[in-house]
Structures are given as structure tokens and as C-alpha cells.
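Open your viewer, switch to a cartoon view and keep the selection box handy. We will move from one stop to the next, picking residues as we go.

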Amino acid sequence: MTLALTVLLILYFLQSLAKFAVWLALPYRIRIKRVGSYYARGQRIIRGYDTVSLVLVVAMTVLAFASGVEVTSFAAGLIIGMTLIQVFIHRFDRPLADEQMPPEPVRPNQHTSYAIQANPWLAWREIALISLLSIWAIYALTADNIVG
């Protein structure tokens, strides 16, 4: 059970790092075109991704508790994660230029996505901290649970 949890956690951390790498590697026009296509389809892709993500979070939580997770560490990690995401979202408080606005009608989550794509580096501190913590977690999980 611990190995399954370890693999899920490592994959999740790698996915989060890949998202930041995409922001570095792909120009804005390509990223925003991709994001726009997700919203143009009635958010089906976003809802599907969110559903899969939620199922994985539930699976990781069940596996963590079944593996004997330390409650204080889990609670601290939960608070740290929630706070990082809240502060990350709050960084995107600058108005978008007209050419960066999503097409009407604009949903609140769509506006936020476009704001993040327009300038992801407004949250550079949160991205750096999430990346460093993710890299450490991948290392620690691999060293403790896979390599031995």
C-alpha cells in the first residue's frame, strides 16, 4: 500500500512541476489558445480533469491513512497546501488587457485562468516554493520508499 501511495504522490508532484515547465517553455499565445479551447468546449475537459484529480486526492488520502500517516504532519501539509493555493490565486490581481480577456460570457474560473496564463510569474514566490517542496518530496519519497 505504501508503494502505491508513493507512486501516486511522485506522479502528482511530477505533474505539478511539468505545469510550471510548460509556463516556461511555451509562449503565451500557445498556452492561451490551449486554455481557450478547454473553455470553448463548455468546460467538459476541465470538469473531467477536476473529477480525475479529486478521485486521485481521495485515493491518496485513503492510502495515506491506511499506511499510518502521522495526523499532525498530514494536517500541517493540508494547511500549507491550502494557504499556498490561496496566496497563489491572490497574486493575479492585475486587470487584464483587452487582448488578454476571455471571450464573453466570462466565467469566474475562466477569468482566473486567463489571468494566470497572461502572467504566471506574478506568483513566482509560490511557484518557487511549490517547486522546491515538490522536488524535495520526490527525492524523499524515492529515497525512503523505493530505493530503501
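Start by selecting Val57, which is partly exposed, with a relative accessible area of 35%. Please keep in mind along the way that this model is predicted. Val57 sits in helix H3, so colour that helix next; it spans residues 44-66.

Now widen the selection to Tyr12, Val52, Leu54, Leu56, Val57, Val58 and Val62, and show the surface. Together these residues make a nonpolar patch with about 580 Å² of accessible area. Which helix gives the most to this patch? Helix H3 does, with 6 residues.

Stay on helix H3 for one more pick: Ala59 is found there too. Buried or partly exposed? Ala59 has 29% relative accessibility, and because buried means under 20%, Ala59 counts as partly exposed. If you like, draw a C-alpha to C-alpha distance from Ala59 to Ala143: the two are 22 Å apart in space and 84 residues apart in sequence.

Next, hide the surface and go inside. The largest nonpolar core has 17 residues, and the members touching the most others are Trp23, Phe88, Phe92 and Tyr114. Colour the helices that each give two or more residues to this core: H1 (2-25), H2 (28-40), H4 (71-90), H5 (108-118) and H6 (124-147).

For the last stop, centre on Phe88 and show its neighbours. Leaving aside residues up to four places away in sequence, Phe88 touches Trp23, Ile116, Ala123, Glu126 and Ile127. Trp23 is thus a good one to leave highlighted: it appears both in this contact list and among the core members that touch the most others.

Definitions and conventions:
Residues numbered from 1 in each chain as written. Predicted model: local features only at pLDDT ≥ 70, side-chain atom pairs only at ≥ 80, totals over all residues. Heavy atoms only, no water. Core = buried A, V, L, I, M, F, W, Y, C linked by side-chain atoms within 4.5 Å. Buried < 20%, exposed > 50% of the residue type's maximum accessible area, 1.4 Å probe, protein only. Helix = DSSP H or I, 4+ residues; strand = E, 2+ residues; numbered from the N terminus. Contact = heavy atoms within 4.5 Å. Patch = residues over 30% accessible without salt bridge, like charges linked within 9 Å, V, L, I, M, F, W, Y side chains within 5 Å. Areas by Shrake-Rupley, 256 points an atom, 1.4 Å probe, with all protein chains shown as cover. Salt bridge = Lys/Arg side-chain N within 4 Å of Asp/Glu carboxyl O.
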